[in-house]
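Work through these exercises with the model open beside you. Try each task before you read its solution.

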Amino acid sequence: MPSPPADSAQPDQRPCVHKFGGSSLANAARLTRVSSILRDAGEPAQLIVVSALQGVTNVLVALSEATEDPATMLADLLLRHLALAEASADAALRDWLQRDFNACATLLAQARGAGCSKALHARIHGRGEIWSARCLQSRLRHDGRDCALLDARDVLTVHRHEMGAQVDWTRSQAAWSAWRAQNPQPHVVVTGFIARDASGADITLGRNGSDYSAAIFAVLSNARELTLWGDTDGVLSADPRLVGEAVSLPHLSYAEACELAYFGARVIHPQTLLPAMQRSLPIRIRNSFNPAHPGTRIDHERSSATAVKGLSAMLGMALLNLEGAGMLGVPGTAERVFGALRAAGISVSMISQGSSEHSICCVIRDADAERATRALQLAFTAEIGDGRIQGVVLTRDIGVIAAVGEGMIGQPGVAARLLSGIARAQVSVRAIAQGASERSISVAVGAGDTTRALRAAHAAFLLSGQTLSIGIIGPGQIGTALLEQLRAAQSRLRHEHAIDLRVRAIADSRRQWLDAGSEMPADWRARVQSGAATDLAAFAAHVHPGHLPHAVIIDCSASDALADAYAGWLQTGIHVITPSKRAASGPLARWQNIRTAAASSGAQLRYEASVGAGLPVIQTLRDLIDTGDTLRAIDGVLSGTLSWLFNHYDGSRPFSALLREAHARGYTEPDPRDDLAGMDVARKLVILAREAGLALDIEQVAVQSLVPEALMRIERDRFMARLDELDTDMTARLAQAQRRGTRLRYLATLDAQGTATVGLREIADTHAAAHLRATDNLLQFSTRRYCDNPLVVQGPGAGPEVTAAGVFADLLRVAGNLRRNP
């Protein structure tokens with residue numbers, strides 16, 4: 001990201017950037033309100049970044065995917081925009097809109113005729129921002145504002161990355177400076193959401209792309225402040241749909257805003273925050289429908305001080321304890337204890353006395369232990385003799401952990417956090433003391449436990465609450481993709497989101513690598529291959545050390561035997577994440593034991609990627625059920641392989657030829673029968689059924705295999721040589737479907753009574769699965785709420801990268817829950 005130019009404007013002369021969302025620009029009245037907001041701000045220079053009018057982008061996406069003439073829908077969009085031109089009395093805008101909508105119609109025709117490339121998709125999807133920017137510029141000019149218009153594609157260069165669009169800052173900064181030199185107007189309307197890549201092809205910035213555009217242009221223009229205008233009064237303390245008492249937060253730090261965003265707050269996206277954080281650019285979240293409300297300010301200022309600044313450890317200590325009923329209510333006992341020690345020349349490091357006055361203890365140097373014991377025995381000879389005091393108990397080999405910090409003053413829960421961290425390390429606390437100043441808390445532990453207790457306390461305070469010790473089993477295609485994604489994101493997540501992901505163990509079926517470092521080495525594969533023989537007990541023990549607050553095992557294998565270990569791991573507090581279907585679709589009794597272990601220990605069990613790879617299938621189903629909806633049916637396509645095959649099978653090529661191509665492309669399993677037999681789909685359906693509360697076993701699913709029984713029993717190579725034998729039946733099935741005007745899809749279906757079927761079905765052209773692309777999965781949830789129009793989840797449902805991303809998302813959800821419930 002570029003630094004501000006040396007001759008940049010003074011702070012009071014720098015522009016302010018305002019971004020308006022689609023709801024703020026939905027009609028002429030709202031455009032008028034936006035103009036008033038900008039005028040009332042009284043800022044000498046403004047950049048105004050706009051989204052498309054509300055709903056326009058969704059229509060454009062639908063139009064770009066339509067197979068029929070979209071003239072009616074496009075005409076409706078034109079009428080909406082012409083109404084804005086009429087409100088501004090701008091005949092030139094009206095003529096321009098007519099021409100540009102004609103151009104859009106041409107683009108849509110190209111998309112239908114030749115197939116829609118990513119660049120053509122982007123050109124179509126981004127038209128809404130171009131139209132809204134023109135309309136807002138017209139409105140501002142009508143209201144007397146000197147306003148230029150910038151098509152962001154003329155300045156902004158980005159490239160796609162697995163973590164989102166990445167800006168070419170050097171190229172974009174140069175283009176912005178050149179454009180600004182030619183367009184010196186004080187106010188500029190900028191199209192959000194769109195950009196170009198290095199080759200000049202159109203590209204969009206994805207989810208919340210206009211917010212991201214606004215942050216980018218705020219950096220490019222060295223802005224004073226960025227305001228994101230929406231339809232809520234800033235960032236709220238909770239989701240108002242769930243918490244009626246939620247209030248607007250006046251201030252958040254960048255870190256707090258990132259935390260809220262990644263875990264569910266939909267007001268701002270972390271990608272928008274990143275440029276602002278790197279340039280210390282203040283952000284305001286405000287409501288265009290209630291502009292009098294100040295909203296939420298987000299900046300670098302911290303909302304609260306760190307409770308603990310440091311911890312120390314003292315070894316070579318001993319604990320002296322004086323205990324007895326004769327001490328109750330007797331004045332001067334403590335004075336006698338410490339007077340005796342003072343007289344013996346012994347320094348006391350720590351004192352602890354219960355409010356019952358039944359005991360008093362102190363920590364001293366172990367070198368003074370014998371002398372201190374004799375001094376107290378002498379001082380309390382009479383009381384020990386008549387039984388009022390049981391005696392002086394000396395415990396050697398004691399260590400003391402001290403937590404120190406000014407931020408502890410008046411901060412509740414510090415002691416609880418310290419003790420829970422030490423308890424998590426399975427260390428017993430012998431004594432605890434806190435002074436009235438609240439600047440320190442000291443605990444005495446066994447000397448052998450001191451190092452472990454110190455690490456646990458350090459983790460509780462100075463490491464992120466989201467420090468996770470991670471072990472990954474099965475570094476195959478998915479596991480390898482996950483490890484590379486983790487390695488690429490590790491540093492960014494730690495520094496930007498305080499999520500500390502430590503891959504400390506990797507194992508395959510033969511070898512394992514165990515390490516205590518916080519950074520995963522680039523040569524992890526070689527280290528695994530040269531490691532010790534795989535020992536799951538040692539592996540789990542290493543992943544779950546006492547000094548780190550949380551442990552996660554991620555099982556990327558397809559091993560049924562590993563699923564047997566889940567319950568034990570969960571019972572000990574290890575979180576378990578897996579994309580494997582073995583546990584959730586395996587024997588029902590085992591699955592119930594796994595779920596019971598998770599519930600009893602509080603450890604999290606996540607398996608979102610077991611159905612639909614990176615798609616939010618299980619989470620969507622859980623949300624429906626948890627919010628009180630009633631499931632009526634599930635149906636859809638749950639195999640990326642079979643989706644690709646039947647998306648392409650139209651009779652122009654034999655089914656066997658398509659299957660050979662799918663195998664060559666790597667879309668199928670090494671043995672395509674694993675896909676064609678339907679058992680993989682059946683397992684996914686069992687998982688969904690169980691998630692819905694149905695006690696379904698795999699044997700209860702009626703599965704239609706696409707492989708004749710005679711071909712199931714032969715070797716793989718012979719099967720591949722005889723693929724043509726599949727064509728006769730498939731040709732007949734296709735011909736029958738075409739006569740009926742239907743399409744063939746391999747569907748999984750489940751009803752509310754638990755009737756489950758998997759097989760090749762004919763579906764109408766209106767069915768959601770009739771128009772899938774590539775290897776898309778698709779699930780329709782028919783529920784009490786979604787009865788007439790089922791809820792649909794669709795997208796790529798196969799491939800190592802997207803599956804690994806689904807596992808990664810589960811890992812971040814674990815971290816998010818730990819942040820809320822440490």
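The exercises below go from the whole chain to single helices and residues of this predicted model.

**Exercise 1. The whole chain**

Task: State how many helices and strands the chain has, and what share of its residues is buried.

Solution:
- Step 1. Count the secondary structure: there are 31 helices and 31 strands.
- Step 2. Turn to burial. The chain has 822 residues, and 50% of them are buried.
- Step 3. Look at contacts with a separation of 6 or more. Of these, 72% join residues 24 or more positions apart.

**Exercise 2. Helix 3 against helix 6**

Task: Decide whether helix 3 and helix 6 are roughly parallel or roughly antiparallel.

Solution:
- Step 1. Find the two elements. Helix 3 covers residues 71-87 and helix 6 covers residues 127-142.
- Step 2. Read the geometry. The angle is about 15°, and the axes are 9 Å apart.
- Step 3. Apply the cut-off: angles under 35 degrees count as roughly parallel. Helix 3 and helix 6 are therefore roughly parallel to each other.
- Step 4. Add the handedness: this crossing of helix 3 and helix 6 is left-handed.
- Step 5. List the partners. Helix 3 brings Leu77, His81, Leu84 and Ala87, and helix 6 brings Trp131, Cys135 and Arg139.
- Step 6. Sort the contact residues by class: five are nonpolar, one is polar and one is charged.

**Exercise 3. Helix 2 against helix 6**

Task: Give the packing angle of helix 2 and helix 6, then list the residues that meet.

Solution:
- Step 1. Locate helix 2 at residues 56-65.
- Step 2. Helix 2 packs on helix 6 at an angle of about 140°, with the axes 9 Å apart.
- Step 3. The crossing of helix 2 and helix 6 is right-handed.
- Step 4. From helix 2 come Val56, Thr57 and Leu60; from helix 6 come Arg127, Gly128, Glu129 and Trp131.
- Step 5. By class, this contact holds three nonpolar, two polar and two charged residues.

**Exercise 4. The buried side of a helix**

Task: Explain why the buried residues of helix 12 line one face, then treat helix 14 likewise.

Solution:
- Step 1. Recall the helix repeat. An α-helix has 3.6 residues a turn, so residues three or four places apart point the same way.
- Step 2. Take helix 12, residues 369-379. Ala369, Ala372, Thr373, Ala375 and Leu376 are buried there.
- Step 3. Look down the axis of helix 12. Its buried residues fall within an arc of 160°, so they line one face of the helix.
- Step 4. Check the side of helix 12 turned away from the buried one. Arg374 and Leu378 sit there, and they are exposed.
- Step 5. Take helix 14, residues 414-424. Val414, Leu418, Gly421 and Ile422 are buried in it.
- Step 6. Look down the axis of helix 14. The arc of its buried residues is 95°, so they too line one face of the helix.
- Step 7. Go past the end of helix 14. Gln426 follows, with a positive phi near 60°.

**Exercise 5. A mostly covered helix**

Task: Find how many of the ten residues of helix 10 are buried, and name them.

Solution:
- Step 1. Helix 10 spans residues 270-279 and is mostly covered, with seven of its ten residues buried.
- Step 2. These are Pro270, Gln271, Thr272, Leu273, Pro275, Ala276 and Met277.
- Step 3. Ser280 follows helix 10, and its phi is positive, near 55°.

**Exercise 6. Two residues and their surroundings**

Task: Classify Ala214 and Asn321 as buried or exposed, and list their contacts beyond four places in sequence.

Solution:
- Step 1. Place Ala214 in helix 8, residues 209-220.
- Step 2. Buried means under 20% relative accessible area. Ala214 has 0%, so it is buried.
- Step 3. Ala214 touches Val17, Lys19, Val49, Leu226 and Leu228.
- Step 4. Place Asn321 in strand 13, residues 310-323.
- Step 5. Asn321 has 17% relative accessibility, so it counts as buried.
- Step 6. Asn321 is in contact with Ser359, Ile360, Cys361, Gly391, Val392 and Val393.

Note on methods: Residues numbered from 1 in each chain as written. Predicted model: local features only at pLDDT ≥ 70, side-chain atom pairs only at ≥ 80, totals over all residues. Heavy atoms only, no water. Axes fitted to C-alpha atoms, helices over the stretch in contact; angles between N-to-C directions. Helix = DSSP H or I, 4+ residues; strand = E, 2+ residues; numbered from the N terminus. Parallel < 35°, antiparallel > 145°, perpendicular 65-115°, else oblique. Left-handed = near helix turned anticlockwise from the far one by under 90°. Contact = heavy atoms within 4.5 Å. Nonpolar A, V, L, I, M, F, W, Y, C, P; charged D, E, K, R; others polar. Buried < 20%, exposed > 50% of the residue type's maximum accessible area, 1.4 Å probe, protein only. Arc of directions from axis to C-beta.
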